[in-house]
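Student: I'd like to learn how to read this kind of structure, one feature at a time. Where should we begin?

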Amino acid sequence: MDKKKLRKKYFFYRQILSQGEVFEKSYEIFFLLKKIFFIWEKKYYHIFLPIREYKEVDTFIIVNFLLKIGKNITIPYSNFHLISIDNCLFDKNTLLKKNKYGIFEPIYTHKYIVSPSFIEVMFIPLLIFDLRGYRIGYGKGFYDRFIPLCKKNVIKIGLSFFTPIKKIIDIHKNDLSIDIGITPDHIFFFDEIKK
C-alpha cells in the first residue's frame with residue numbers, strides 16, 4: 001500500500017480509538033520505553049507534543065518522566081511557510097498555546113531556541129511504521145528536513161498504537177527511518193544504535 005492510502009487508513013484507525021484507549025495504550029508504550037535503559041543516559045531529548053484531536057500518543061507522560069529525572073527537553077515550534085522546525089527548550093515553566101493546527105507550542109516570549117546539534121534522542125510523530133523502520137507521518141516532511149540538522153548518531157524513536165506493516169512501497173531518497181519503534185506490546189530495533 002502506498003503512503004497516501006496508509007496515511008488515510010491509519011489516521012482513521014487512530015480516530016476511532018476512545019480517549020480511554022489512547023490513554024491506556026500511551027502508558028503501555030511508556031512502560032516499554034522505560035525498559036530501553038541506554039536512552040536514559042543521554043542529556044538532550046527532542047519530543048513532539050500530542051495533537052489531542054488527532055489522538056496521538058500522549059507524550060506528556062514521557063515529558064513528565066524526563067522532567068522528573070532532570071533531563072533537557074526540547075519541543076518543536078513549526079514554521080508551516082518554510083516547512084521547518086525550531087528546536088525550543090521546554091521546562092516546567094514553559095507556557096504553551098495551541099497553534100491553528102492544534103499543536104502545543106511555546107508562546108513567543110518563552111521560545112528559547114536550542115541548536116538541533118545538541119539532540120541525542122528524538123521522539124518523532126508518526127501514524128505507522130514498517131518493519132524496516134520507515135514511517136508514515138502527516139506528509140509535510142518537517143522531520144525529514146529537521147533530522148539532518150541533528151547529530152549523525154541521534155537516536156530516532158517512533159511511537160505507534162499499531163503493529164508495524166511489512167513494507168511501505170513508495171519510499172524515496174529523502175525519507176529517513178527511525179532507529180526504534182515502540183507499540184503498546186513490542187519494541188522494534190531497526191539499526192545498530194551508537195550508544
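Tutor: Let's begin with salt bridges. A salt bridge here is a side-chain nitrogen of Lys or Arg within 4 Å of a carboxyl oxygen of Asp or Glu. Keep in mind that this is a predicted model. The side chains of Lys98 and Glu53 give us a case, with N to O at 2.8 Å.

Student: Where do Lys98 and Glu53 lie?

Tutor: Lys98 is in strand E4 (residues 96–98), while Glu53 is in the loop between strand E1 (44–47) and H3, so the pair ties together parts that are 45 residues apart in sequence.

Student: And how do I read their exposure?

Tutor: Use relative accessible area: under 20% is buried, over 50% is exposed, and in between is partly exposed. Lys98 has 38%, so it counts as partly exposed. Glu53 is partly exposed too, at 43%.

Student: How many salt bridges does the structure hold?

Tutor: Five. One of them joins Arg52 to Asp58, where the closest N and O atoms are 3.8 Å apart. Look at the two ends: Arg52 is partly exposed at 40% relative accessibility, whereas Asp58 is buried at 15%.

Student: What about Arg132, which acid does it pair with?

Tutor: Arg132 forms a salt bridge with Asp130, and their closest N and O atoms are 3.2 Å apart. Asp130 is buried, with a relative accessible area of 0%, and Arg132 is partly exposed at 35%.

Student: On to helices. How do I check the length of one?

Tutor: Compare an expected span with the distance between the end C-alpha atoms. The expected span is 1.5 Å times one less than the number of residues. Helix H2 (residues 19–33) has 15 residues and should span 21 Å; its end C-alpha atoms are 21 Å apart, so the two agree.

Student: Which residues of H2 are buried?

Tutor: Val22, Ser26, Ile29, Phe30, Leu32 and Leu33. Now look down the axis of H2: these buried residues fall within an arc of 160°, so they line one face of the helix.

Student: What covers the buried residues of H2?

Tutor: The cover includes H3, along with strands E6 (121–124), E9 (155–159), E10 (180–183) and E11 (186–189). H3 (residues 60–68) has its own buried residues, namely Phe60, Ile61, Ile62, Val63, Phe65 and Leu66.

Student: Let's stay with one of those strands. How do I read the surroundings of a single residue?

Tutor: Ask how buried it is, then list what it touches. Take Phe123, found in strand E6. Phe123 is buried, with a relative accessible area of 0%. Leaving out residues up to four places away in sequence, Phe123 touches Leu33, Tyr45, His46, Ile47, Phe48, Ile62, Tyr143, Ile157 and Leu159. In that list, Leu33 is one of the buried residues of H2, and Ile62 is one of those in H3.

Student: How far apart are the C-alpha atoms of Phe123 and Ile47?

Tutor: They are separated by 4.8 Å, with the two positions 76 residues apart along the chain. Another pair to look at is Lys9 and Ile128: they are 119 residues apart along the chain, and their C-alpha atoms are separated by 9.8 Å. Lys9 lies in helix H1 and is partly exposed at 28% relative accessibility.

Student: What about the backbone? Which residues have a positive phi although they are not glycines?

Tutor: Among them are Lys55, at about 55°, and Ile83, at about 50°. Lys55 sits in the loop between E1 and H3 and counts as buried at 14% relative accessibility. Ile83 is in the loop between strand E2 (72–79) and strand E3 (84–90). There's a glycine to look at as well: H3 is followed by Gly70, whose phi is positive, near 75°.

Student: Last one: the surface. Which residues make the nonpolar patch?

Tutor: Phe12, Tyr13 and Ile16 make a nonpolar surface patch of about 310 Å². Tyr13 belongs to helix H1 (residues 3–15), and at 32% relative accessibility it counts as partly exposed.

Notes. Residues numbered from 1 in each chain as written. Predicted model: local features only at pLDDT ≥ 70, side-chain atom pairs only at ≥ 80, totals over all residues. Heavy atoms only, no water. Buried < 20%, exposed > 50% of the residue type's maximum accessible area, 1.4 Å probe, protein only. Helix = DSSP H or I, 4+ residues; strand = E, 2+ residues; numbered from the N terminus. Patch = residues over 30% accessible without salt bridge, like charges linked within 9 Å, V, L, I, M, F, W, Y side chains within 5 Å. Areas by Shrake-Rupley, 256 points an atom, 1.4 Å probe, with all protein chains shown as cover. Arc of directions from axis to C-beta. Contact = heavy atoms within 4.5 Å.
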